[in-house]
Amino acid sequence: MCGRYAVHSLISDLQGHFGLFDPITFTPRFNAAPSMSLPIVRTRDDRRELTLCQWGFVPHWMKSRPKTRPINASSETAAEKPFFRTSIRRRRCLIPANGFYEWTQSVSLKQPWYFRLVDAEIMAFAGLWDSWVHDGKTVETFAILTTMANETLRPVHDRMPVILDPPAYDGWLNAGDMARLRPYAGRMTGHPVGRAINSTGNEGPDLLKPVATTG
């Protein structure tokens, strides 16, 4: 599961990385959390666009406000589930990030860790989006696709976001290449961070600072 991540790059850096033309305004986040409006990259009229969507997926056919809004979708089963099936076919996206957080699964201690790529500042999660109309208001939402953890993540958690390398972006966005949805094989690094990340009210680059583990 991916429940928090960081996306704090400048818009100009995101434009250069993803090949975008039209800028948007968004608040850089070191503690991006569910229900926030966050940037995604999708294809519209044969070009990539950057837009804001709420993190927490709602399918277009939902008649009433859902009790829960999934923030993740399992890449192994999403294509088979009615909740995500249409978006797997038609509404795929990339979620820009600089890194993400996971927590150890120990019963006695929930230690947060921050993970990032070694060789790049920006990463992209594979994702799904949809457009839901309720009470005359359109709400666009997204979920992050997850997969089994790679060797870097495995000591901390058994799942991780699907991270795509730039050559795979079009294969996912335009063709829905499911073969791309696998544990990340590139170089990654991670370190423990302070428990301030546990509160969605906390923000800023200090959240990324390494700390010593305790307990």
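Student: In the hairpin of β3 and β4, which residue takes a positive phi?

Tutor: The model is predicted. In this hairpin, 2 residues stand between the strands. The loop between β3 and β4 holds a residue other than glycine with phi near 55°. That residue is Asp-45.

Student: Is Asp-45 buried or exposed?

Tutor: A residue counts as exposed when its relative accessible area is over 50%. The value for Asp-45 is 76%, so Asp-45 is exposed.

Student: Which residue in the loop between β9 and β10 has a positive phi although it is not a glycine?

Tutor: The phi in question is about 55°. The residue is exposed, with a relative accessible area of 71%. Its name is Asp-135.

Student: In which sense do β3 and β4 pair, and over how many bridges?

Tutor: One of the partnerships between these strands joins Ser-37 to Gln-54 of β4. The pairing is antiparallel, and the number of bridges is 8.

Student: Which residue of β10 is the bridge partner of Gln-54?

Tutor: Strands β4 and β10 run parallel and are joined by 2 bridges. The partner of Gln-54 in β10 is Thr-141.

Student: Is Thr-147 buried or exposed?

Tutor: Thr-147 lies in strand β10, which spans residues 137–148. Its contacts beyond four places in sequence include Ser-75, Asp-158, Met-160, Leu-181 and Pro-183. The limit for a buried residue is under 20% relative accessible area. Thr-147 has 2%, and therefore counts as buried.

Student: Which residues touch the most other members of the largest nonpolar core?

Tutor: This core has 55 residues. Strand β9, residues 123–134, gives the most to it, with 6 residues. The residues that touch the most other members are Tyr-5, Phe-100 and Phe-142.

Student: Which residues of β9 does Phe-142 touch?

Tutor: Leaving aside residues up to four places away in sequence, Phe-142 touches Tyr-5, Leu-38, Ile-40 and Ile-95, among others. Its contacts also include a run from Cys-53 through Gln-54, Trp-55 and Gly-56 to Phe-57. Strand β9 covers residues 123–134, and the contacts of Phe-142 that fall there are Leu-128 and Trp-129.

Student: How are the rings of Tyr-5 and Trp-55 arranged?

Tutor: Tyr-5 in strand β1 and Trp-55 in strand β4 are 50 residues apart, and the pair links distant parts of the chain. Both residues are buried. Planes over 60 degrees apart count as edge-to-face. The ring centres are 5.1 Å apart and the planes meet at 65°, so the arrangement is edge-to-face.

Student: Which residues form one aromatic cluster with Tyr-5 and Trp-55?

Tutor: The structure holds 12 aromatic pairs. The cluster that contains Tyr-5 and Trp-55 also includes Phe-100, Trp-113, Phe-115, Phe-125 and Phe-142.

Student: Over which ring does the charged end of Arg-42 sit?

Tutor: The distance from the charged end of Arg-42 to the ring centre is 4.2 Å. The charged end of Arg-91 is placed over this ring too, 6.0 Å from its centre. The ring is that of Trp-129.

Student: Within what arc do the buried residues of α1 fall?

Tutor: The buried residues of α1 are Ile-11, Leu-14, Gln-15 and Phe-18. An α-helix has 3.6 residues a turn, so residues three or four places apart point the same way. What covers the buried residues of α1 includes β3, β4, β6, β9 and α3. Seen down the helix axis, these buried residues line one face, because they fall within an arc of 100°.

Methods: Residues numbered from 1 in each chain as written. Predicted model: local features only at pLDDT ≥ 70, side-chain atom pairs only at ≥ 80, totals over all residues. Heavy atoms only, no water. Core = buried A, V, L, I, M, F, W, Y, C linked by side-chain atoms within 4.5 Å. Buried < 20%, exposed > 50% of the residue type's maximum accessible area, 1.4 Å probe, protein only. Helix = DSSP H or I, 4+ residues; strand = E, 2+ residues; numbered from the N terminus. Contact = heavy atoms within 4.5 Å. Phe/Tyr/Trp six-rings, centres within 6.5 Å; stacked < 30°, edge-to-face > 60°. Lys NZ or Arg CZ within 6 Å of the ring centre and 35° of its normal. Arc of directions from axis to C-beta. Pairing = 2+ DSSP bridges.
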